[in-house]
Structures are given as C-alpha cells and as structure tokens.
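Visitor: I am new to this structure. Please take a close look at a single part and walk me through it.

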Amino acid sequence: MTGAGQQRGGTTIADQAVPGAGPVAGLPSLDGSAQRGAAGRVARVLRAAVVPLALIGLTALAGVVLGRVYAGDLLTRLVIGAAAGSVLVSVAARRLPSWLVAPVSVAAMACWTLWSLRLAAARAELPGGLLEVTADAARNGIPRLLTAMIPVEPTPDTVLMPVVAAWLAGLAGAEVALRTGRVLLGYLPAAGLFAAALYVVGPNAEPAIGATLAFVAVAAVGLAVPAGAPPAGGDPAADLAPRVRAAVRVRLAATAALGVALVVGLVALLGPVIAGQVDGRPVDPRRYVEPPQVQTLDENPLIRISGWALHPEQKLLDVSTFRPGATTPPAGVSPSGGPDGGTHGEPGTGDDANDSVRIRLAVLSDYDGVTWRVGATYRNAGRILPAATPARDSTVETVRQQITVADLSGRLLPAVATPSEVSGARVAYDPATGTLIRPEGLTPGLRYTVTSAREQPDNNLLPTANVPAGEEVARVLRVADGVPDPLRRLAAQLAEENGAPYARATAIEQFLAEHYRVVADAPSGHAYPNLGFFLFGPRNAGGQRGTSEQFAAAFAVLGRLSGLPTRVVVGFESTGQGPVRAGDAYAWPEVLFDGLGWVAFDPLPRPDNEPRPVEEDFRPTPEDPPPSAAPAPTVEPTASPEPVAAPEGPSGQGGVSTPVLVAGGSGGLLLLVGALLLTLLAMRRSLTRARLGRGDPGQRIAGAWREVTDALRLAGRPVGDDLAATEVAGQARQALLDARGRWSGDRPLDPNIAAGGAGQMPGGGTAGSGAGGNLPGVDELAALLNQVAFAPGTATAAQADRAGAVATGYVDRLRAARPWWRRLLWTIHPGPLRRR
C-alpha cells in the first residue's frame with residue numbers, strides 16, 4: 001500500500017476513506033455497464049426490426065405500384081395492411097413451431113380479407129350479403145381484374161387477389177428471412193409480387209421509377225444492417241489450425257471472386273438488353289383476356305325497332321328523372337335546336353316545356369353494307385365510369401335517373417348520354433361509344449341509378465362548324481363497298497347544293513322528312529338493297545315508307561357519302577317520368593362537329609306534313625324491289641383473345657435450420673404451384689366453355705374446331721395454317737390411329753374409333769358409348785366449318801351443339817390415348833391460352 005493515491009479497481013483509497021467525498025467504490029463503473037447494456041439491447045431491437053420493416057415496405061410497394069390504376073387509395077391501404085399484418089404475425093409467432101405459423105397466419109389473412117371485401121363492397125354500394133359477395137369475388141376475381149376498365153374501382157372482385165397475394169408474399173418472406181436469417185432469399189416473394197404488379201399495370205400508367213428506386217433502397221437497407229451482434233471472437237477462423245485457416249480463407253476468397261465475376265457478367269450480358277427496353281411500351285395483359293360479349297340483338301339493336309313498333313303498349317322500363325341545374329337554350333334558337341324545329345342536338349335539351357329526355361340504349365358506329373353494329377369493346381367497370389372530355393363549345397347538364405327494368409331483354413343497359421356513375425347493377429362499359437351493358441343480362445325488376453353528363457352544343461355555332469377528318473374519325477366516315485348508284489347520286493346532289501357541313505346535314509334531314517312516310521308495319525332491314533328500295537321504290541309496292549330504322553340508317557349512309565362523320569343511335573323518347581313503352585323506341589342519326597361533339601338530327605317527317613313524291617326532286621334509275629328483310633349479317637369465325645394466368649403471391653414456411661428452410665421453401669413452392677395449376681385449370685375450362693357456348697352458331701362451330709386443333713397440338717401433331725379443313729380432319733383421324741388405346745394396350749386404335757365411330761372395346765362395349773353413344777367424326781365438324789366459312793349465317797344452333805359434341809368426344813378420346821402422366825398435364829397445359 002503506497003498511500004491515499006493507491007488505486008483499487010478503478011477508484012482511489014481516498015475516495016473510500018472520506019465519508020461523503022464521492023460514491024462508493026465501483027458504482028460508477030456499474031452504472032456505465034448498465035447504460036451500455038441498455039444501449040446494446042436497444043441496438044439489438046432496432047437491428048431485429050430492420051428486416052421485418054424492410055419486408056413490410058417491399059410488399060407494400062407492390063400495392064403502391066398496382067394502386068396507380070385504381071380509383072382512390074383504398075387498394076393501396078388494404079395491401080399495406082396485408083403486408084404489415086402478415087409480417088407482424090410471423091414476428092409474433094417466432095417462438096411457435098414452424099408448422100403452426102402458417103395456419104395462424106392464414107386465419108389472420110381470412111379475417112383481414114373478409115374485412116377488406118366488406119369495406120370495398122360498402123364503398124362501391126354493392127347489394128348482397130358478405131358471403132355472396134365473397135363467393136362472387138373468388139369465382140371472378142382474376143378475369144374481372146384483367147378486364148376491368150382503367151381506373152379500376154376497388155370492389156370485392158378487384159381487391160381480393162391483390163390482398164391475398166400481398167399477405168402470402170409477406171408470410172413467405174418473413175418465415176424465410178426471420179427464422180433462417182436468409183434475408184436475400186426472403187426478399188424473393190416481395191420481388192415477385194412487385195414484378196407481378198408492374199405486369200398487371202402494363203402501359204396503363206406512367207413508369208414506376210420512384211417506386212422502383214424505393215424498392216431497391218429498402219432492400220439495400222435490410223441487407224446492410226446486420227441481423228445480430230458481431231461474433232465475440234472477431235475472426236471465426238482464428239482458432240483453426242494454420243493450414244485449415246488458410247484453406248478456409250482461400251475458399252472464401254474464391255467464392256467472393258466467383259460471385260463478383262458472375263454479377264459483372266450478368267450486368268454485361270443483360271445490361272444492354274434491359275437498357276434497350278427502357279423506352280419500350282409494356283405488354284398489356286388485358287389483351288389476352290376476352291372481354292364481356294353480347295348477342296346479335298345487342299350488337300345490332302336497330303333490328304328490334306320494327307318489332308317494338310308492332311307492340312307499342314309493351315312496357316319496357318320505369319323511369320324517374322332528376323335534372324339539377326337545367327339550362328335553357330341560347331336566345332334565337334328553337335328548343336329543339338334547328339331553324340325548322342327539327343331536333344338538332346338532344347331532344348329535350350333545354351326543352352323544359354315538355355320535359356322530354358332521350359334515353360340511349362346503344363350507339364352503332366360500324367356499317368358493312370348489310371347491318372349496323374355497335375362494335376364495342378366492353379370492359380368491366382365499377383360504380384364510377386371514366387370521365388369523358390366534353391366538347392369545347394358545349395355545356396354539360398347533370399341528369400340522374402332511377403330506372404327499373406320491366407320487359408326489356410338483352411344485356412344493353414339504357415342510360416342518358418354520357419353515363420358517369422352507375423349504382424345498383426354491375427356493368428361493363430365501352431368509353432368509345434358510351435354504351436353500357438350488364439354482362440349477366442337484364443331481368444324484370446332490376447333497379448339501378450345512373451348519373452349522366454349530357455352535353456348541350458351551342459346551336460348558334462352549328463351553321464359555321466366544320467367536321468373533323470383523319471384517322472381518328474375514319475371509323476365513322478367509312479363507307480362499305482357496293483353502294484347503289486342512285487344512293488351515291490342522291491348524296492352527291494344534296495352535297496353539291498349545300499357546301500357547309502351543317503347545311504349538308506340539314507338538307508339530308510329535310511329531304512327525308514319531306515318525301516317519306518313513317519309506318520309501324522314496315523319490315524326490318526337496312527342493307528344497301530333495303531335502303532335503295534326505301535328511298536326509291538314505288539309507293540304502291542311498299543317503297544318510300546319505313547320505321548325510324550330506315551330513316552336513321554338512310555341519313556347516316558347519305559351523310560357518310562357526303563363527307564360527314566355519322567353514326568346511328570337506338571334509344572327511347574321519354575317524358576322523364578313514368579313508364580317507357582315499346583312505342584317510345586326509335587333510332588336517330590348523329591353527326592360529329594368540331595368543338596361541338598355529336599349532334600343529333602331528326603329526319604322523321606312531321607305529323608301534319610304530307611310527303612311529296614321523290615320524283616319531284618330526284619329521278620333515279622328504276623330498280624327492282626329487294627326482299628323485305630335484310631340478309632343475315634356475315635359472321636366470320638375469329639379467334640377470341642385468350643387469357644394468361646395472373647401471377648400469384650408465394651407462400652411458405654421456414655425454420656431455424658436448413659431442413660426447416662427447405663421445408664418452408666417447399667411448402668411455399670407447393671402453394672404457389674398449386675394455385676398456378678388451379679388457375680390454369682380454371683382458365684382452360686373457361687376457354688372451352690366460351691368457345692363452345694358463347695356467340696352465334698358460326699362462332700361456336702369455329703370454337704369447336706379450335707378445340708380439335710389445340711388437342712392435336714397437345715398430342716404432338718400440330719397442323720399447319722395452310723391446310724384445308726378436310727386435310728386437318730384426315731390428320732386428326734391418323735393421330736388417333738397412331739395412338740395407343742387405353743383399352744387395347746399396345747395395339748393401335750380401331751379405325752372406327754379414330755373416325756369417331758363406335759369401335760368395339762375388349763369388354764364388349766363401344767368406344768362411343770359413355771359420352772352419348774356413337775359420335776360423328778371430325779369429318780362432319782370440318783364440313784360444318786366449311787359451311788360457316790362459305791355460307792355464313794346458315795349454321796343453326798343444333799349444328800353448333802353437334803359441333804361441340806363432336807369436338808368434345810374427339811378431344812376426350814385423343815386424351816385417353818395418352819399415357820397417364822400426359823393426361824394429367826393435358827388439362828393444365830398453357831398452350832391453348834397463349835395461342836391467338
């Protein structure tokens with residue numbers, strides 16, 4: 001002992017000897033240790049929280065990317081909640097056995113998903129209970145997501161798949177990253193979900209540069225922060241023998257060099273390819289999915305006018321109209337819009353005296369010389385429809401109607417132009433024409449509310465307005481081949497006498513109103529021969545008279561021949577309140593003017609006007625009257641867009657060791673593969689049902705033929721596009737002859753079976769039995785296809801059913817002739833979904 005300055009354990013003896021001079025020996029060092037321990041615990045907690053937060057952020061960024069094509073931010077918030085919930089459940093259940101985490105997380109996912117569906121249904125004001133909405137969303141989630149109109153409204157069927165995929169991705173990533181410490185491997189589910197979101201968005205939004213940079217930054221932070229404290233011993237190889245330590249370091253250096261070389265090589269190889277795609281337009285997956293289809297009566301409702309005219313008292317709708325802020329027309333212009341009192345613009349626009357309103361059923365823009373068609377591409381829409389840009393020199397009036405369906409059939413949904421919001425019914429919408437449909441079809445008692453933004457053109461500008469030209473309006477300027485010469489000469493005569501577009505349109509309107517008569521019993525038809533007979537046929541033989549079908553069609557064709565962009569609209573004239581009957585249905589033409597939009601015209605004669613003879617103003621070459629009804633429209637078998645499976649979020653389980661990691665990865669892979677296989681199976685069956693059951697008979701026969709050709713491809717016997725149908729049928733028979741039958745072991749199938757006959761089975765039965773007896777062979781199907789191609793419109797529904805039975809029987813036999821493992825792959829092969 002040397003004195004008061006002698007130290008003991010970091011303090012001095014003086015500190016110990018003098019009462020009250022300082023703390024007891026050792027206490028300062030103990031406080032420092034406690035503080036350092038607390039700081040260490042906080043640091044460990046922060047380090048442990050980095051990876052879960054990174055996983056939540058990466059998964060949530062997929063929702064941010066996908067939410068760009070959704071209306072509002074509801075989907076983004078639901079996906080963020082799913083990401084946080086899945087990762088936090090895994091964090092909270094880390095002490096549970098790995099096999100128990102997945103069931104717990106799936107139960108939590110079910111609760112979150114049901115709450116999300118309920119919230120989405122309430123926001124969209126969808127009718128029905130939670131179970132009904134959930135079942136419908138589960139059945140139609142993927143097709144409706146890929147056929148929905150942009151922006152997509154968050155409804156149960158459009159939020160189900162993103163929420164479930166986000167939860168599964170978070171679960172798989174958390175189990176792999178947190179239980180095993182394989183952070184980079186745990187990022188793969190979130191990266192796959194992010195890539196799937198980019199693919200689904202496609203070209204329908206701006207490039208997601210910010211979200212992508214954020215994804216990379218969050219991933220880098222999660223990888224840079226260590227998941228635990230560094231090892232206490234410093235170099236883990238320090239205690240090894242020198243030779244072993246040297247070998248370990250050489251292996252580590254070689255592995256690091258190989259990894260660097262691999263990364264550099266991939267960058268050099270893929271960098272130019274990826275850079276070349278930066279300015280490329282992404283593929284839109286919606287083009288692979290068939291949108292909702294309509295039947296012939298909905299594609300051309302113009303042919304229903306004559307039937308409705310014969311039963312004018314039939315009640316079709318009940319309407320209640322509310323028009324806030326109704327305006328009046330400009331001074332000096334008649335309420336109906338024309339100087340002669342004709343309807344130029346929407347009848348009832350500003351016409352508050354009689355409170356009339358025109359309800360639109362369909363807009364027909366395509367004419368092939370035989371029939372007018374809607375030609376729409378319908379996309380599933382939510383309650384809020386895409387806003388249309390109003391014409392520059394027009395005002396907009398909001399019209400809200402509550403419509404109850406009575407005896408109106410079909411899928412077309414009536415509404416005032418242009419609809420902006422629909423509630424009470426699930427709809428599909430074509431923004432190019434403003435036509436609405438209900439894919440499930442109209443049913444008596446269906447009640448829905450539709451809000452429309454009806455445009456009112458400034459009629460003072462019509463006399464000096466011009467009409468647009470170019471590719472943008474080529475569709476409504478197109479004139480089909482085969483125009484009768486008198487029709488062309490009449491259009492030229494009316495155009496020569498009137499130079500301005502509005503003057504030409506008015507001249508056509510007045511010519512039709514002054515020379516022709518409206519009758520209810522005129523036969524339907526608006527092909528070139530029918531229009532020629534309507535315009536120039538002798539009155540004593542039924543010419544120069546017709547329904548609004550012929551008036552509107554004749555105006556539209558004469559207008560296009562005069563250089564006016566025209567279309568035909570079918571709808572109803574209503575007082576705005578009360579019933580709408582079949583007698584209120586009629587068609588009218590519209591002309592597109594620069595800055596004013598589509599302006600309606602009324603070529604129907606006034607009730608008190610006696611029509612003047614056409615010969616007073618035009619003398620065409622006499623023609624023989626055509627048949628009373630228009631020829632059936634030509635329908636060519638066309639390939640329908642085919643769907644592609646949407647990516648699914650993976651799911652997996654993990655553990656504290658490599659076997660558990662393998663088990664977790666395998667479980668996630670099995671879930672992913674199972675979901676993919678079920679999706680492929682459902683899409684294949686949906687494609688077959690669409691081919692054999694949708695469309696007119698010609699389209700169904702063509703679909704049956706595509707089933708046969710797809711079966712030949714799956715059997716390894718593809719047929720060329722240059723072969724005739726009979727040659728393909730011969731190859732189909734040979735494919736069965738060369739196959740090994742499941743009844744005959746290694747012997748080839750009986751030729752009768754290959755040809756579709758009732759081949760004898762070893763057990764005494766026939767190959768044709770079991771599916772309805774003897775089915776005809778592919779030769780009959782080839783004959784039906786030739787009939788559709790060379791005699792369009794002659795196929796019947798019975799022939800279409802027969803074609804479906806033939807195709808189904810042939811495909812079943814060809815599949816049965818394959819080995820068992822090939823039969824399993826047959827139903828989930830994605831080949832038929834890729835081919836257009």
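**A strand and its partners**

Guide: V568 stands opposite P589 in strand β17. That pair is a good place to start. Keep in mind that this is a predicted model.

V568 belongs to strand β15, residues 566-574, and β15 pairs with β17 in the antiparallel sense. The pairing runs over 7 bridges.

Now follow β17 itself, residues 585-593. The strand is mostly covered, with 9 of its 9 residues buried. Its residues point two ways. A585, A587, P589, V591 and F593 point one way. Y586, W588, E590 and L592 point the other way. Both sets are buried. P589, the partner of V568, is thus one of the buried residues.

β17 has another partner, strand β18, residues 597-600. These two strands also run antiparallel, joined by 4 bridges. F593 in β17 has G597 in β18 as its bridge partner. F593 is itself buried.

Next comes the link between the strands. β17 and β18 form a hairpin, with 3 residues between them. G595 sits in that turn. Its phi is positive, at about 75°.

Put the pieces together. β17 pairs with β15 over 7 bridges and is joined to β18 by 4. The pairing is antiparallel with β15 and antiparallel with β18. Along β17, residues pointing either way are buried.

Note on methods
Residues numbered from 1 in each chain as written. Predicted model: local features only at pLDDT ≥ 70, side-chain atom pairs only at ≥ 80, totals over all residues. Heavy atoms only, no water. Buried < 20%, exposed > 50% of the residue type's maximum accessible area, 1.4 Å probe, protein only. Pairing = 2+ DSSP bridges.
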